Amino acid sequence: MSLLNSKEKEYLLSKIRDVKDFPKPGIVFKDITTLLKDKDAFNFLIEHLYNYYKDRDIDYVAGIESRGFIFGAALANRLKVSFTPIRKKGKLPYTTISEKYALEYGFDEVEIHIDAFEGEKSNPNVLLIDDLIATGGTAKASIDLINKAGAKCSDACFIINLTFLEGTKNLDKNCEIYSVLEIV
Ligand code: AMP
């Protein structure tokens, strides 16, 4: 399990574009498309995550719609493990189970296929991944969903953690959290 030094973190941070007032006034959107566009930076990140997780006995990587799919699928393939998508309500075609979570105004819901973790191993280890954790609502619901679906969410990874929002505070304590880049 190797960590990045400050130069490496600065390098990755420099590849992420801040877009002010998107999708609404007051939000600084962390745009990771600029990191993906840089093939060396994208490869460096995936190789780092591979080295970080290769000895953690991960069976599945679960990515949160939609940017979690990009990092999740690349990492799952590198680790030679399965990938499963966690999607917003109504997008998955087969029978699903779901988990609701509160937004600033109202609710949202994430879903997973009921047989997402059916396979050779019972109660497989799952690594959840998303591009960013803000309040932690989406990640908490996703971890709960994975555990409800007959697997164990052993790890959760975020490329960016907006630490001032303390989003990791309410996540399952049995889940190991790793944030690659922290914004204080
Ligand atoms: P939350 O549930 O509040 O932790 O929000 C996390 C989800 O919203 C992730 O899927 C992020 O991709 C997205 N998100 C929230 N805030 C931002 C932001 N400032 N920049 C980019 N994505 C964000």
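Tutor: Two strands pair if DSSP finds at least two bridges between them. Keep in mind that this model is predicted.

Student: How many bridges join β5 to β6?

Tutor: There are 7, and the two strands run antiparallel. β5 covers residues 96–102. One bridge sets Tyr101 against Asp108 in β6.

Student: What do β5 and β6 form, and how many residues lie between them?

Tutor: They form a hairpin, with 4 residues between the strands. Look at Gly106 in the turn: its phi is positive, about 90 degrees.

Student: Which strand do 2 bridges join to β6?

Tutor: That is β4, residues 82–88. It runs antiparallel to β6, which spans residues 107–113. Find Lys88 and look across: Val110 in β6 stands opposite.

Student: Now the ligand. Which residues come nearest?

Tutor: The ligand has 13 residues around it. Arg67, Asp130, Asp131, Thr135 and Thr138 come nearest.

Student: Which elements each supply at least two residues of that shell?

Tutor: Three do: β2 (28–31), β7 (125–133) and α5 (137–148). β7 gives the most, 4 residues. By type, the shell divides into 5 nonpolar, 4 polar and 4 charged residues.

Student: Which polar atoms of the protein should I check against the ligand's oxygen atoms?

Tutor: The cut-off for a polar contact is 3.5 Å between N or O atoms. Take Thr138: a polar side-chain atom lies 2.5 Å from a ligand oxygen. At Gly137 a polar backbone atom is 3.4 Å from an oxygen atom of the ligand.

Student: Where does a nitrogen atom of the ligand meet a polar backbone atom?

Tutor: At Lys30, with 2.9 Å between the two atoms. Now consider area. Taken alone, the ligand exposes 490 Å², and the protein buries 81% of that.

Student: What is the space taken by the ligand?

Tutor: That space is the largest pocket.

Student: Let us turn to a loop. Where does Asp59 lie?

Tutor: Asp59 is in the loop between α3 (39–53) and β3 (60–64).

Student: Which side chain does Asp59 join in a polar contact?

Tutor: The side chain of Lys121, at 3.0 Å. Then trace the Asp59 side chain to the backbone of Asn125. A polar atom of that side chain lies 2.7 Å from the backbone nitrogen of Asn125.

Student: To recap, Asp59 has a side-chain contact with Lys121, and its side chain also has a polar atom 2.7 Å from the Asn125 backbone nitrogen.

Tutor: Right. For the ligand, remember that β7 gives the most to the shell.

Terms used
Residues are numbered from 1 along each chain as its sequence is written. This is a predicted model: local features need pLDDT of at least 70, side-chain atom pairs count only at pLDDT 80 or more; totals for chains, interfaces and linings use all residues. Side-chain values use heavy atoms; hydrogens and water are left out. A residue is near a molecule or strand if one of its heavy atoms lies within 4 Å of it. A polar contact is a pair of N or O atoms within 3.5 Å; within protein, one must be able to donate a hydrogen and the other to accept it, and residues adjacent in sequence count only if both atoms are side-chain atoms. Accessible areas come from the Shrake-Rupley method with a 1.4 Å probe; for residues, only the protein chains shown count as cover. On a 1 Å grid over the protein atoms alone, a cavity is a set of points where a 1.4 Å probe fits but cannot get out, and a pocket is an open set with protein on both sides within 12 Å along at least five of seven lines; lining residues have an atom within 4 Å of a point. A molecule sits in a cavity or pocket if more than half of its atoms lie within 2 Å of its grid points. Ala, Val, Leu, Ile, Met, Phe, Trp, Tyr, Cys and Pro count as nonpolar, Asp, Glu, Lys and Arg as charged, and the others, Gly among them, as polar.
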